[in-house]
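Good morning, and thank you for coming. I should like to take you through one structure, beginning with its pockets and ending with its backbone.

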Amino acid sequence: MAKTNSKRGAGKKADTPAESAQKYETIALMLQGGGALGSYQCGVYEGLHQAGILPNWFAGISIGAINAAILAGNAPAQRLERLRAFWERISIPALPAGGRQWFEWQEALRQKLPLDKYTLALANAQGALAALLFGQSGFFVPRFPPPYVGVDHVESATSFYDTAPLKATLEEFVDFDRINAGAVRFSVGAVNVKSGNFVYFDNFDEHKRTIRAEHVMASGALPPAFAAIEIDGEYYWDGGLVSNTPLDHVLSHTPRRDSLVFQVDLWRAQGMQPRNIVEALERQKDIQYSSRTRFSTKVVQRFQDLRTTLDALLKQIPPAHITAEMRAELEPWLSDRVYNIIHLIYKTKPFEQQYKDYAFAPSTMAEHWRAGLSDMRNTLTHPEFFVPPSRRVGAVTHDVHRHGRGGPYVKHDTD
């Protein structure tokens, strides 16, 4: 039974975040899609790992699905090493030998320069251009011939890049036998191309399907860059087309459990009025892929408040005053479980442009990783964020970036 937020005894030392985390049945890490921005999530995980907080449920969309697969598909002691090796590989353009040497020379030179907004802006622009022209090592390469020449093959005719390299990379970095053994829960979202229905591939669901590299690739098959992925005769695209965050899947799971949920977003809904077409394109992406996470958490809080209120009310009614039929009808709505959502959102840097989600330069990747680690370490300095809420409250949300601006609890859905 998790403890409530009642006052502690005088002089009693407050629990550390790791000690508070042990009071939850589920610790979930939910990872949004966002391409090259995904290394921010790796920094967040590194902060959790260093604090001794190990999730038992990894869920993701698109690049979040890839990160989730690497985390779920490796033992805790190997996760950071495998994450870093994966990102170091895909941050290099898929250039021929001579071009790759030139790129590595450029990166080495850049590392000797001051790491300011000008060098990072240059790295961002060069990384995005290289991704468009050459693809990324171990991830994707341009199709030849390109789709607009009228080839008949479905994959070649409907996408600009081939993701065959990603399949080999995933099978190298992810132990799918480990995922399918169910040591931790793993969920990735995709969209059925023909029906338009959103589906989760989950190693704990009732279908008991075997998770393969294709399920992860399907979650990241964003058109028209990437072709749909065939799974059991059906074709799937990137889940971000419908919802770019697995929040609903994790929080609607039954039976409900006391849950500590880390929601790591790569797109921020709140922003500035665009002043030119480049800023308009960036703003459009931010809004489209943020998936209104704030609104979703607010809905979760309202529903859980309703459930806890009904549960408390029903316990006050004498058994003789309620029929078995009425109790059975109310039962699905009752819950005294608690949800603590800790929200981290990547903050776009001044040097970034609308191509930030495909700017894969090593220096940019490292900058995103550092930002995630910094945000998680900052969050860990607030041990009160991790304390289970009162069972009468049911659900709370904390965000270190909003702390001090009206308190740690989310009160709006527009940030």
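What is the volume of the second largest pocket? The second largest pocket has a volume of about 500 Å³. Please bear in mind throughout that this is a predicted model. Lining this pocket are 16 residues, and those closest to its centre are Gly271, Met272, Glu282, Asp286 and Thr348. By character, the lining of the second largest pocket divides into 3 nonpolar, 5 polar and 8 charged residues.

Let me turn to the largest pocket. Its space comes to about 630 Å³. There are 30 residues in the lining, and Leu222, Ala225, Phe226, Asp357 and Tyr358 lie nearest the centre. Three elements give two or more residues to this lining, namely α3 (63-72), α6 (117-134) and α12 (277-290). Of the elements, α12 gives the most, with 4 residues. The lining of the largest pocket holds 18 nonpolar, 9 polar and 3 charged residues.

I now step back to the protein as a whole. It contains 15 helices and 11 strands. The chain has 415 residues, of which 52% count as buried. Among contacts with a separation of 6 or more, 73% are between residues 24 or more positions apart. The accessible surface comes to about 19,200 Å², and 57% of that surface belongs to carbon and sulfur atoms.

One helix deserves a separate word. In α3, which is mostly covered, 10 of its 10 residues are buried. Among them are Ile63, Asn67 and Ala72. Just ahead of this helix, in the loop between β2 (57-60) and α3, lies serine 62. Its phi is near 60°, a positive value in a residue other than glycine. Is serine 62 buried or exposed? Serine 62 counts as buried, because its relative accessibility is 12% and the limit for that class is under 20%.

Next, the aromatic residues. A pair of aromatic rings is described by the distance of the centres and the angle of the planes. A search of the whole structure finds 14 aromatic pairs. One of these joins phenylalanine 86 and tryptophan 87 edge-to-face, at 6.0 Å centre to centre with 85° between the planes. Phenylalanine 86 counts as buried at 0% relative accessibility, and tryptophan 87 is likewise buried at 0%.

A further edge-to-face pair is formed by tyrosine 161 and phenylalanine 226, with 6.5 Å between the centres and 75° between the planes. Which parts of the chain does this pair link? Tyrosine 161 belongs to strand β4 (residues 161-162), while phenylalanine 226 is in the loop between α10 (213-219) and β7 (229-231), so the pair links distant parts of the chain, 65 residues apart. Tyrosine 161 is buried, with a relative accessible area of 11%, and phenylalanine 226 counts as buried at 10%. Both residues belong to a cluster that ring pairs form with Phe139, Phe140 and Phe360. I would remind you that Phe226 is also among the residues nearest the centre of the largest pocket.

Two further residues illustrate how separate stretches of sequence come together. Tyrosine 355 is found in the loop between β10 (339-345) and α15 (362-380). Leaving aside residues up to four places away in sequence, tyrosine 355 touches Asn124, Ala125, Ala128 and Lys285. The C-alpha atoms of tyrosine 355 and leucine 129 are separated by 9.0 Å, although these residues are 226 residues apart along the chain. The second residue is leucine 95, in the loop between α4 (76-90) and α5 (97-112). Leucine 95 counts as buried at 17% relative accessibility. From leucine 95 to glutamine 136 is 8.1 Å, C-alpha to C-alpha, with their positions 41 residues apart in sequence.

I close with the backbone. Where are cis peptide bonds found? One runs from phenylalanine 144 to proline 145, with omega near 0°. Proline 145 lies in the loop between β3 (141-142) and α7 (154-158). Another cis bond joins proline 223 and proline 224, where omega is about -5°. Proline 224 is placed in the loop between α10 and β7.

Finally, aspartate 232 has a phi near 50°, a positive value in a residue other than glycine. This residue sits in the loop between β7 and β8 (234-238). Aspartate 232 is exposed, with a relative accessible area of 67%. Thank you; I shall be glad to take questions.

Methods:
Residues numbered from 1 in each chain as written. Predicted model: local features only at pLDDT ≥ 70, side-chain atom pairs only at ≥ 80, totals over all residues. Heavy atoms only, no water. 1 Å grid on protein atoms, 1.4 Å probe; cavity = no way out; pocket = protein on both sides within 12 Å on 5 of 7 lines; lining within 4 Å. Points joined across faces, edges and corners; volume = space filled by probe spheres on them. Nonpolar A, V, L, I, M, F, W, Y, C, P; charged D, E, K, R; others polar. Buried < 20%, exposed > 50% of the residue type's maximum accessible area, 1.4 Å probe, protein only. Contact = heavy atoms within 4.5 Å. Areas by Shrake-Rupley, 256 points an atom, 1.4 Å probe, with all protein chains shown as cover. Phe/Tyr/Trp six-rings, centres within 6.5 Å; stacked < 30°, edge-to-face > 60°.
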